Amino acid sequence: MLKPVNHIQEKARLKLIESYAILDSLPEDDYDNLTTIAAEICQTPISLVTIIDHNRQWFKSHHGLDVLETPREYAFCAHTINDPSNFFLVEDATKDDRFFDNPLVTGEPNVIFYAGVPLVGNDNLPLGTLCVIDNKPKTLNQSQIRSLKALSKQVMNLLNLRKAKSNLEIAMVDLEFINKELESFAYVAAHDLKSPLNNISSYASIFLKKYEPLIDEEGVRYINRISYSADKLNKLINGLLDYSKNKNILTEHKSEIVLVEMIKDIERLFIFENNCSISLNSNIDKIVTNAHALEQILINLVSNAIKYNNKPKTEIEIEVTENNLYYCFSVKDNGPGIPKEFHIKAFKMFEVLSNEDRYGHRGNGIGLAIVKQLVETLGGSIYIESEIGKGSKFIFTIEN
């Protein structure tokens with residue numbers, strides 16, 4: 001008996017097998033169906049899908065055979081994988097110097113005839129074989145050989161699909177963990193911001209009460225704006241904290257919003273931006289939705305329109321319409337525009353489209369991802385329309 005030698009890239013081959021997480025997995029109908037078809041086409045009692053491990057031949061599917069594995073040193077398939085580009089055929093093992101005294105030939109399951117096709121993965125590395133076996137001498141015609149090769153490709157398709165599904169499941173678990181970590185971080189960060197914002201508002205009020213007679217009218221106006229902005233941000237943070245505890249709160253806690261007043265509130269937050277105008281274009285006066293969520297969406301979009309604008313004067317137009325199902329919003333600016341290839345990437349977490357804003361600061365790639373999440377939680381969707389040099393328009397819907 002001639003024992004099979006290890007594959008020339010055995011270490012890499014075994015690592016590839018490990019990446020499929022297939023060894024010792026449970027039987028699956030898809031593989032069993034293919035071995036059944038192979039046995040029918042080749043008119044053999046046995047057909048196998050084998051994986052050649054470091055010391056054994058393991059059967060993912062074993063049509064016509066009760067055992068789950070055999071030692072690698074006896075395996076015909078261990079010879080087959082050493083030439084992954086060829087079809088391996090033994091018409092009569094009892095007359096073959098390599099196999100005549102092999103225990104699998106002299107004893108059960110009496111392998112006399114063997115035909116195998118390597119299952120080839122990345123870098124031309126073989127995992128195992130699809131093979132057919134008979135206990136009497138025979139051969140295969142060209143049609144049967146072609147069919148067996150075609151079935152081997154289907155086995156590899158199943159293996160690759162299984163691997164892709166497994167990798168996707170792992171990625172989903174990792175993503176869920178990251179999302180939970182981000183939600184936890186957002187909650188802690190928002191909670192920690194409340195204290196300094198309360199201090200800003202309180203100190204501004206105390207400062208104004210004590211020193212108002214010594215400050216001119218413009219100074220008083222600035223102090224009042226500081227206090228207003230701190231209070232406004234505090235309310236937004238409270239809304240985010242409620243959202244982090246229960247996402248349903250966005251759809252359950254709705255209130256009537258006067259659009260003109262909301263836009264004026266947003267304008268006050270950006271009052272110190274020079275040469276910036278924010279206008280409202282709407283044929284409706286009031287809407288009903290979650291105010292904190294809508295404010296967060298609009299503030300983020302307006303802030304981006306200002307930060308990344310390259311014109312002497314920033315012009316932002318907010319348009320609101322409605323139909324039977326949705327409110328439709330658009331936030332249009334006169335900035336540099338966004339290339340089409342970035343229209344989807346812009347909403348991905350940690351995706352930064354520009355190195356720096358007009359103030360020399362680099363973004364964190366979180367803002368638009370949160371906007372998208374808020375919009376979708378409110379039952380809508382968001383997308384971008386843009387032309388380079390002529391500005392951008394962020395269009396989103398929310399259920400009414």
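## A walk through the fold

Strand 1 and strand 6 (residues 126–134) run antiparallel to each other and are paired over six bridges. That is a good place to begin exploring this model, which is a predicted one. To find the pairing on screen, look for Ile 46, whose bridge partner in strand 6 is Ile 133.

Strand 1 has another neighbour as well. Six bridges join it to strand 2 (residues 56–63), again in the antiparallel sense. Here Ile 51 stands opposite Trp 58 of strand 2. Strand 1 and strand 2 together form a hairpin, with three residues between them. As a reminder, strands of a sheet pair through backbone hydrogen bonds, in either a parallel or an antiparallel way.

Now look at the side chains of strand 1. In a regular strand, side chains alternate between the two faces of the sheet. In strand 1, Ile 46, Leu 48, Thr 50 and Ile 52 point one way, while Ser 47, Val 49 and Ile 51 point the other way. Are these residues buried or exposed? All of them are buried, whichever way they point. Because seven of the seven residues of strand 1 (residues 46–52) are buried, this strand is largely enclosed by the rest of the structure.

Let us turn to the cysteines. How many disulfides does a search of the whole structure find? The search finds zero. Take Cys 77: its nearest cysteine sulfur belongs to Cys 131 and lies 3.8 Å away, and Cys 77 is in no disulfide. The cut-off for a disulfide is a pair of cysteine sulfur atoms within 2.5 Å, so a separation of 3.8 Å does not qualify. Cys 77 is also buried, with a relative accessible area of 1%. Cys 42 is buried too, and its relative accessible area is 1%.

Further along the chain there is an open sheet of five strands, in the order 8-10-11-13-12 and with mixed pairing. Which strands sit at its edges? They are strand 8 (276–282) and strand 12 (382–386), each of which pairs on one side only. From one strand to the next, the twist averages 15°. Inside this sheet, strand 10 (residues 314–322) and strand 11 (residues 326–333) pair in the antiparallel sense over seven bridges. One of the residues to look for is Thr 321, which has Cys 328 in strand 11 as its bridge partner.

Helices lie against these strands. Helix 8 (residues 259–269) lies across strand 8 and strand 10, and runs at about 165° to strand 8. Helix 9 packs on the sheet too, touching strand 8, strand 10, strand 11 and strand 13 (392–399), with its direction at about 150° to that of strand 10.

Helix 9 (residues 291–307) also meets helix 10 (residues 367–377): their axes come within 10 Å and cross at roughly 150°. The crossing is left-handed. On the helix 9 side, the contact includes Ala 293, Ile 297 and Leu 301; on the helix 10 side, Leu 368, Val 371 and Leu 374 are among the residues involved. By class, this contact has seven nonpolar residues, four polar ones and no charged ones.

Finally, step back to the whole protein. Its secondary structure comes to ten helices and 13 strands. Of its 400 residues, 42% are buried. Among contacts with a separation of 6 or more, 67% come from residues 24 or more positions apart.

How values were computed
Residues numbered from 1 in each chain as written. Predicted model: local features only at pLDDT ≥ 70, side-chain atom pairs only at ≥ 80, totals over all residues. Heavy atoms only, no water. Axes fitted to C-alpha atoms, helices over the stretch in contact; angles between N-to-C directions. Helix = DSSP H or I, 4+ residues; strand = E, 2+ residues; numbered from the N terminus. Left-handed = near helix turned anticlockwise from the far one by under 90°. Contact = heavy atoms within 4.5 Å. Nonpolar A, V, L, I, M, F, W, Y, C, P; charged D, E, K, R; others polar. Pairing = 2+ DSSP bridges. Buried < 20%, exposed > 50% of the residue type's maximum accessible area, 1.4 Å probe, protein only.
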